[in-house]
Structure formats: C-alpha cells, structure tokens
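Please open the model in your viewer, with the chains coloured separately, and keep the selection panel at hand. The tour moves from one helix to a whole chain, and from there into a sheet.

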Amino acid sequence: MSILIAVITLAIISVLFGLLLGYASVKFHVEGDPVVDKIDALLPQTQCGQCSFPGCRPYAEAIASGEAAINQCPPGGEVTMLALSELLGVEPIPLDEEHDKIPEKTVVVIDEETCIGCTLCIQACPVDAILGAAKQMHTIIEDECTGCDLCIPPCPVDCIHITPVKVDQDTWRWPAPDSQHTAPMA
Amino acid sequence: MASPGQPTHCTHGLRLDYIMSRKTHSLWHFHGGLKLDGKKAISTQRPLLKAKLPEQLILPVQQHIGDAGKPVVAVGDKVLKGQMIADNTSYISAPVHAPTSGTVTDIADYPTPHPSGIKALCIVIEPDGKDQWTELKPISHPTNLSPVELRQWVRKAGIVGLGGATFPTAVKLNTGPEASIETLIINGVECEPYITCDDTLMREYANELISGCELMQHITSARHCLIAIEDNKPEAIAILQKRITEKSLHNIEVVVIPTLYPSGGEKQLIKILTHKEVPSDGFPSEIGVVVQNVATAVAVHRAICLGQPMISRIVTVTGEGVMQPQNIEVLLGTPIADLVAQSGGYHEKASKLIMGGPMMGFTLQTDQLPVTKACNCILLENTEEQAPQPMPCIRCGACATVCPAQLLPQQLYWFASSKNFEMVQDYHLFDCIECGCCSHVCPSQIPLVQYYRFAKTEIWNQERERIKSDHARIRHDLRQDRLEREKKEREEKLRQKKLMLEKKKQKEAEAAKAGKEPEVDPKKAAIEAAMKRVQDKKAAQSSDSKPSSKQPE
Amino acid sequence: MQFKTASSPHQIPHNSVSSVMYKVLLALIPGTIAMIVFFGWGVLVNILLAAVVALASEALMLKIRKRPILPYLADGSALLTACLLALALPQLAPWWLTVIGTAFAIIVAKHLYGGLGFNPFNPAMVGYVVVIISFPKEMTQWVPPLLEDYTLLTFTETVRVIFTGELPLNYTWDAVTMATPLDTIKTQLGLELSINEIATHKTYGSMFGAVGGFGWEWVNALFLATGLLLAIKGIIDWRIPAGVIIALLLLSNTFALYDYASYTPPTFHLLSGGIMLGAFFIATDPVTAATSTKGRWLYGIGIGIFIFIIRTWGGYPDGIAFAIILMNMATPILDYYTIPRAYGHRWNELPHQHKEQEDES
C-alpha cells in the first residue's frame, strides 16, 4: 500500500514538473540565436580573418557552436577574450604570445606616388575603405579603415604601409597607476 | 591639514544661518569635504601686475570644451587686437581672438597645457608692439536687447567658463525655453588652496563684476542673483557688499559660505545655497539654477558694455617654488615661462609645475606652454620627496566619508583597478568630480583619482571603438550585400543570355524542320546590310580613286 | 626646464596605514597595564611571544609571496594582530598555544587570503577560535585577578610556567587558575543558582567586584576610555562599538527585566570579559568590517546580538570571537545593501537595483 502511495506521489510530481517544463519552454521560447549577436557585438569588426574565419560574424557563429576558441582574435586582444569569457561563462584562455598585450591601433596609408591603380586592394578591403578606380591613384579613407591589413598582400607594388592611429588630446588615455602588490588582481 | 580621521562630518541638510552675510541666507551642507590649509596669503601680498607684452603669443584653437575652432587667418596676415582668428560654426564651440596686434607667423601643432603633453593646433602671433584694437562695438543699452541677441555677443566674444571647466558660456546661458531660472549663482568661492585669482578679480573689478551679474541675470531672466564667497576672503566680501549697497541693488546678494573644500564645485555650491541636487544626468537649469564664475561675469561685462572679446585673464603664480608669488593679468597665449620670470623666477628647489590648484590641477613637463582660457593658476612646488609607494586598501572608508559626490571611492577603486568598467559605471564613476578628497585622506596613499581618470578615459575609448566597430560592421555587411547582389546580377545576366541563345537555336531548328527559309533576324540583316555597304564603298573607292566622296550613296 | 609629472592631488598626504596601526597600539597600552597589574606577568609574556611569532610569520610569508618585506613589516598590522590575540588568551596559556594561534592568524587567516587588506576574517579572532576549538582545556588557564588571599606569580615563575608547564613549589593548577567570572556565572546558572545566590556565594562572590567582575571592570573601563579617544580622533569608526554596546545593553536589559534571577545583569555583560577590547579594538578592524555608515551600524549591532546569544545559550564562556567572525561573513552583503545614495541620484538608482532591473528585462 505504502509503495503505491509513493509511486503515485512520484508520478504526480513528475507530471507536474513535466507540465512546468513544457510551460517554461513555451513561455521563454527564444527566437533565433541571440548568442551569436552578442558575441559579434564584442568582436572588433576589423573583418581581418586572422581568426581563420572569413570575417567577424562567421567567427562569432563558430564560437557559438563551439567550433572555435575565444582566443583567436588578435585585433581584439586580451580585452575581447576576457569579454567573451565573461559573456559565455568559460575560463579565459591566454592569447598567443605575440598577441598577449593590447595591440596598438593601426591604419594603412597608400603611398600615392607608387600606386599604379590596379584595384586589387579595393577588392581585398572588407569595409570598402579604399577609394579609387582602375588606372587611377587609390587612397584610404582613414576614418573607415579598421587596420585589418588585408589590402597589403595583394598590392603588386608594395605601396601600402601601416601607421599607428595618431593620438590627440581628445583620444589620449590616462595610464593606469602602477598597481603592483596593491591591486586586488595582483 | 585635516587628518583623515577628522573629516568635517556634515550632517545632511543641516541648516546654518551664517551671520556674516548681509541678509542672512540659509545655507546647507554637502556630504563630506575637507578643511584644507588655504595658503592664499602667499600670493595676495603683492598688487595685481599687468604682464609685459611677450615676444610671441601661442594661441591654441581649442581652449574650451566642444569642437575646436578652425583658423580664419593665414600665415603672414596682419591681425589687430581683438580680431577673431579661429572659429567654428558648431553650437558648442567658442572663437579665439588675437590678444594684441601683430603678424601671424605660424599655424601648426605646438605643445599646449594638457596632462598628456600632446601637441595641438595653435596660431602663433608676433606682436608689433602697437597694441592696436580692432573696431569695437560696445552696446550702450544692453537691456534693450533680447537674451538671444546678448547670447550671440557672448558667443562672439569667445567667453568660456573661467572657473576651469571652459564650457562655452553662451551655451550655458541658454537654459532652454521651458526652464524658469530662479537663481543665478556667481561662483567666487575659490575653494582650492593657493589660488587667489578670483579673489583678486573681485577686489579689483567689483563694479565690472556686478555689471556682469546684472547682464547675465537679464540673459537668464533669473529672479535673483547670489554671489557666493568663502569666508576666507573678507576684503572681497566687504568691497562687493559695499558696491551693491551703493547701487541699492535688491536682487543681487553676497552670500558668505564657510571655507570647506570643494564648496566651489558647481554641484556642491548649488547644494550649499539651495539644498537642491542637480540630477546626475541633467543640468543645473533643470532645477532652476545657473552657475557662472566671477571672472566669466567680468568677461561678459567687457564683451557687452565695452565690446571687447576674451583676450586676457588673471593668473595666480604661486607656490614655494617661485620667488615672488603674485597675481598677474596676462594676455592669452603668453608663455608660462614669461610669467614665472616676471614673478622673480624659480626657487632653486622648484620641481613640479602645476596648472591649476594642488587638488585638481595637472602637472606640466615644461614651462614653454601658453596661458589659455582655462589657466587660473600656475603653482610651483618644491617637493623633493618621491610619491609614497601605495599600500593595499584597508577598507577604512575615509574616502567615502569625505566624498562630496557621496560615492564609494573604494569600490570604484576595486573595479577600476581590475578593469571592470561595467561595474565601475554602476557605482557612478561619471558622477566623480575628481576633486581629490579621497586620495588626500587615503591612509594607504592609493592614487585613487588617477584610477578614476584611467577608467574614464578607457571607457570613452571603448565607446569610441564600439561606435567604430559598429560602423565597420555595417560597412562590411553592406559590402557583403553588394558583392552578393553583383554576383546575382552576373548570374542573372548569364542565365538570360543562355536562355536567349537557346530560344534562338530552338527557333532555327523549328524553321529548318518546317523547311522554310530561315527567318531573317532583323538585327543580323542590318549588320549584313551595313557590311555590304562598306564593301561596296571600298570597291567604289578603289575603282574611282577619289577620296572626296563623303556623301552616302 | 623639465618638471616632474604626476596625477592630482599633489599635496602628499600625511596619513598612513602604519600611523593608524600604531595609534591603535598606543591606545591599547593603559588597558594592557591594568591587565598586567590584575592578572600578572603572563599578559606581558604572551604579548612578547605573540609579537615575535607574528613578525617572523609575516616576514616569512612576505618572502614566500615575493612582496617587499620592510614596508609591510613596519606597517604595524602584524603587531596589532599579535597584541589583540595575546590579550584574548589566558595568562598562563602554554607557549605553544600562543605560537599556534598567532602563526595561524598571520599565515592562514591573513596571508593565504591575500595579505593586508584582503583577508575576509579578522586574523586575531581566527587565531583565537582555532586554539579555543582545538585546545579547550588549555584555554581555561586564566589567572584569577589579584585577590586578598592570593599573590601573583613573579615574572620568572610565570615564564617558567608558560614555557615548561612546571608550577613553582606549593602551587597547584587549581590554585593558580580559575574560571573567568563569565564562565562561573554560566556554570552556576546551569546549576540552577540565581544571580543573587552566585554573587553572594562564598567561593565565587568575591570575584564579582563592584559591577563586572573584580579586575575585569577596571580593564574594561580603561579600554573604553582609550577606545573613546580613538573614536573621537576618528581613527576608528564610533558606530561599530556603539552598535555592539547598544545591542548588548538592550538585549541583556530586556532579559534581565524579564527574569532577573536567571540572566546575567547588563552591567556585568558590558564590563566583564573582553567586551570593550572587542568592541573598540577588534570589531573596528577596517579590513574585515563593513564600510558604509549604515553597514557599520548593522555590523556592530549584529556582533552585540551574537555575543549575547553565545554568552547566554552557547557552549563557550565568551562569544566575542565567534560573533566577530560571523559578522565578518556578513560584511559583503551588508556593504552591498547599504550603498549610500550618490549626489544627484534617486534612491532607486543604486547599483544593485540597477543590475536586478537589467536581469529582469
């Protein structure tokens, strides 16, 4: 008899929880895959492909599906890796040695004397930041350049150079005080 | 010096009636604050000096918060005193004027006073010594003009907030159509140690100051005007009270407030005088208050009543590192080195050059920098001792006790040092006024304010980068769309072409089947006809050998 | 001419961690002297022993953790921990008890949690709790205060007892040590004696003194006086001791009014045991206390309540150490829910509420 009561009780409980779960899945149904959007929003959007994926969004999708690690974005550096680890609740992974510090922001400039107007760089630019036409000299729209350097390899005359983004009084940042031994993360 | 243990505990909303005031005005307390050694007497012993004309004036095109001015003169131009040399059509901006007559010798990047030491665009003028004014247009009856017109004058004169924030005054005086301004507060508090330029200005230019108050009261339609002065400036208080009584002005009042740092902060002063708090994301005008510095008031008087733009200011040159500390009225663009030279030169132990006061000023690496509109004080310190090595935070809470913005500096420090920029904003980092009280009392001597500045500039940078990456994402998406579209278009064309060829083949096949002459394509026929004509023509030419035939057959 | 650069403010502050620590140490002296007068040289021996062990453990840990040794050793925090712990131990506790307690306080409770500023629990109290749980018998070796029919051991005798455990001739452990007044009351109340009967008992009555146990009342009065001085000087926050005392007073009064015979009287609660030392010197350790104004009130009140509960119904004679450690645990939550309203913000714009709203949306 007591066994019967136990079985019935458990059965009722399981039915109740089943209903609850069913209700929750309807009520809190998630459209689409917002995780990919959230990851994409954290990526620097240089579209450089250094992560081995063709652009930031494909990399975001790869992270979301577990195909890629969170430490494959050199332009984003440690900041992006930490932000991703925070978002996804995974352990931070150190970046490759050459990318372990915040990379300096750069843009490219075209040496307009040397440019032959081949348009190869225009085809390579992921954000259409190069202005020019065939047989015409090209130029970079500095404000649009993301510093991905994808235009450098195709150039037949090596007229594209990397320059650091100029820091002025408005974009200058206060350095962090030396916090050895005293800061909480030390 | 107030030890951290003895911060001036201020009970919230405690009402004090201060007896020294002409009419007793109710005063309140802001949270925290520090009693500091004023050290004001160092620089008030000597009379106000008019600085000599320097050999060269360097004028940064940006001496205000907002958009930088664009030079409206060229190298080699002759300029007159008061002539506009840089301007911007943007709303939040202020023009720059030539402080004396002379020649523009250069327009290029020069070092300007900024904590970064980075150069900025400057216009260099070599004075001709004549000091010849451009044509001035003073307004004889300013009250006949509307506030909008007067604000235009203030803007054209390049006036910015001279308390240090350098926000364009014309913008600040524009309180919007809905705001009804109850109180115009004229800030003569000057709460930072060492600085006495506002004190000097109030004593020397009391009449101009009162005139400026009346003008700004007219512009803002403020019901009454309070001139707030700390009780450590009895002379300035006496002079202003006397002048106000002489003129029997009933809605301008001198309010004496107790000396407590940072009473001169805009938000803190509003709290002291009105017990109201400026909303964190709002402006004082939302609670019916406008605050202007005393020097700004004098500048407004000069702009409207004399027609003179903002070309000079009073600078306190003081500290243990200078031989003859004093106040100097100086043309904008004068090198700091000139001011120190006219103040007896450096003390041999001078080691730190600060623009502003000891609590909020920033250090300069060199004295080859021009005086700008923001420059209220040049402070020279002799400190040989190294900054102490910070100890870990012991959570004593002294910083929170003195914080005038009622923040939790200690929590802000944890989050800023661990680069948790989201949490640091949740704890209201951007309400921090960087007054330095927390660092001053910290027993562990942690450079708290530097952590906050670091976090603020990092957050701004992240914001810039976020905007940039959003922009890049859109451009990348648009490009992908374009490539996709082009690909589709090409495929579509190819498909069409193939389809057409197929149709044609089919038709030919059908025609062959029917046994009829293949139907002549009109296009093909035309081409064949044209070719035939050319052949005929060629034949005709070779037979006639007359090249003149130009007419068609 | 090149000038030095730095971030504001530029005036070098004159306050420092070590000055705070040394001022607190200075304020401990009068009460400590009173303890030596009433309870003999054992107090001093304990302090010296604990100080040596604390400094040695501190130096060792700093070396292992690769921190600069001198500035941290000189900050006085290890010394203060040692003194507080030594004052809380029985006067004739064996040397190894003091060594274990102090070493545990510095090595485990302080440095393994990150050193100065990062330890969540008061190191001295952790050390105390460790020894009272591990060695309850040795922790009862309290010397009865100087009474008429009793003479204290001399300095050399004391050192000998502490280091070798050998009593001088003609002495027995029962004669040189006895339970503290608080412990006595608890035991006797358990034997169904009323407070009045205990106070007039022929054996225990004499240790009651005027208000709070003979000797103890003087020690507490002196700690109270110097503690008040520290509070006035702003070196410690007055809200914490105020909270402790008010809570203890209110609770003990309520219960004493309810049943005078079975509950310890309020005056006895306040002036017996280590209340003043605990309230003014131990609970106010800024590292482990709450930081906000309201949080400090709650922190103090919580300690007062726990002391009363442990003293009245708990298994240990005094509950200060447990009360402080329990409230140390509550510190983060106290701080979190007592964040002051920032200038220009409404109450509902506190960081945590902001967060919760975000989570909801």
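Begin at A330(C), where α16(C) bends by about 45°, and then look a little further along for a proline, P332(C), which follows within four residues. Bear in mind throughout that this is a predicted model.

Now extend the selection to residues 320-337 of chain C, the whole of helix α16, whose 18 residues reach 25 Å from the first C-alpha to the last, close to the 26 Å expected at 1.5 Å a residue. Show the side chains of its buried residues, among them I320(C), F322(C), I325(C), M327(C) and L334(C), and note that N328(C), T331(C) and D335(C) also belong to this buried set. Which helices do the buried residues of α16(C) pack against? Select 123-134, 275-282 and 293-313 of chain C to display them: these are α6, α14 and α15.

Next, hide chain C and bring up chain B as a C-alpha trace, which spans about 120 × 60 × 55 Å along its principal axes. Its radius of gyration is 35 Å, whereas a compact globule of 553 residues would have one near 24 Å. Colouring by secondary structure should bring out 15 helices and 19 strands in chain B, and 49% of the chain's 553 residues count as buried. Of the contacts in chain B between residues at least 6 apart in sequence, 72% join residues at least 24 apart.

Within chain B, select the open sheet of 4 strands, which pair in parallel and follow the order β13-β12-β11-β14. At its edges stand β13 (252-257) and β14 (289-293) of chain B, each with a single partner strand, so one side of each has no neighbour in the sheet. Viewed from strand to strand, the twist averages 25° from one to the next.

Zoom in on β12 of chain B, residues 224-230, which runs parallel to β13(B) and is joined to it by 6 bridges. One pair to pick out here is I227(B) with its bridge partner in β13(B), V254(B).

Finally, add the helices that accompany these strands. Residues 234-246 of chain B form helix α6, which lies across β11 (183-188), β12 and β13 of chain B and runs at about 160° to β13(B). Helix α8 of chain B, residues 294-306, packs on the sheet as well, touching β11 and β14 of chain B, and its direction makes about 85° with that of β14(B).

Technical notes
Residues numbered from 1 in each chain as written. Chains lettered and ligands numbered in written order. Predicted model: local features only at pLDDT ≥ 70, side-chain atom pairs only at ≥ 80, totals over all residues. Helix = DSSP H or I, 4+ residues; strand = E, 2+ residues; numbered from the N terminus. Expected span 1.5 Å × (residues − 1). Bend = angle between axes of the 7 residues up to and from the residue. Buried ≥ 20, exposed ≤ 12 C-beta atoms within 10 Å, placed from the backbone. Contact = placed C-beta atoms within 7 Å. Rg over C-alpha atoms; globule rule 2.2 N^0.38 Å. Pairing = 2+ DSSP bridges. Axes fitted to C-alpha atoms, helices over the stretch in contact; angles between N-to-C directions.
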